[in-house]
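Here are my notes on this one, jotted down as I went through it. Have the viewer open while you read.

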Amino acid sequence: LNNSYTGGLSSYCLVLMIIAYLNAHPDDGDNWGRRLLGFLQFYGRDFDYQNQGISIRPNLPYFNRPVPSPSLAPLDLMHHPPPYLFIADPVTIGNNAGCHAFAMANIKAAFDRALFDLLEGGNESNKTPLLYRIINPL
């Protein structure tokens, strides 16, 4: 899932997503555990990938995605659907940095699973949440 050539998320896109999240949620202060959980919750469960885009602009970290041009024939949209992830590239204006991440359903599920594992993870003999075990070792 970390290889954009196989539909995964490139490190560049992940960094842009992190910056956008931090810009949109500055109230978490210095609690980096809370920020990690918030990031996983937001991108794993709450974010609407089909209708919203991501930007690192502090005043507009999320925006309504551009609608595909009506001049495209329905057949064109069937063979070349709009990308599942839209991240405004701050280096190349007009470029979608997330256009190659076609496995976003798997990535979203991985974020959700990571959140679950951190909050509820553990086996039958150890009911202590994983994040608590990481932050408060024996």
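1. Let's start with a helix pair. Helix H1 (residues 11–24) packs against helix H2 (residues 32–46) at an angle of about 110°, and their axes lie 11 Å apart. Since 65 to 115 degrees counts as roughly perpendicular, H1 is roughly perpendicular to H2. Bear in mind that this is a predicted model.

2. Who makes that contact? On the H1 side you'll find Leu14, Met17, Ile18, Ala20, Tyr21 and Leu22. H2 brings Trp32, Arg35, Gly38, Phe39, Phe42 and Tyr43. Sorted by type, the residues of this contact come out as 10 nonpolar, 1 polar and 1 charged. The charged one is Arg35 and the polar one is Gly38, because Arg counts as charged and Gly as polar in this scheme.

3. Now the wider layout. The protein chain has 5 helices and 2 strands. Read from the N terminus, the order is α-α-β-β-α-α-α, so the two strands come after H1 and H2 in an element numbering that starts at the N terminus.

4. How many salt bridges are there? The count comes to 2. As a general matter, side chains of opposite charge can pair when their charged atoms come close.

5. One of them joins Arg45 and Asp112, with 2.2 Å from N to O. The pair ties together distant parts of the chain: Arg45 sits in helix H2 and Asp112 in helix H4 (residues 104–120), 67 residues apart. Buried or exposed? Arg45 counts as partly exposed because its relative accessibility is 42%, and Asp112 is also partly exposed, with a relative accessible area of 26%.

6. The other salt bridge is between Arg113 and Asp117, whose closest N and O atoms are 3.0 Å apart. Here the partners are both in helix H4, and because they are 4 residues apart, about one helical turn separates them. Arg113 is partly exposed at 49% relative accessibility. Asp117, at 24%, is partly exposed as well.

7. Some whole-chain numbers to finish. Of the 138 residues of the protein chain, 31% count as buried. Among contacts with a separation of 6 or more, 51% come from residues 24 or more positions apart. The accessible surface of the chain is about 8900 Å², and carbon and sulfur atoms account for 59% of that.

Note on methods: Residues are numbered from 1 along each chain as its sequence is written. This is a predicted model: local features need pLDDT of at least 70, side-chain atom pairs count only at pLDDT 80 or more; totals for chains, interfaces and linings use all residues. Side-chain values use heavy atoms; hydrogens and water are left out. Buried means under 20% relative accessible area, exposed over 50%, partly exposed in between (1.4 Å probe, protein chains only). Contact means heavy atoms within 4.5 Å. Accessible areas come from the Shrake-Rupley method with a 1.4 Å probe; for residues, only the protein chains shown count as cover. Axes are lines fitted to C-alpha atoms, for helices over the stretch in contact, and angles run from 0 to 180 degrees between N-to-C directions. Angles under 35 degrees count as roughly parallel, over 145 as roughly antiparallel, 65 to 115 as roughly perpendicular and the rest as oblique. A salt bridge is a side-chain nitrogen of Lys or Arg within 4 Å of a carboxyl oxygen of Asp or Glu.
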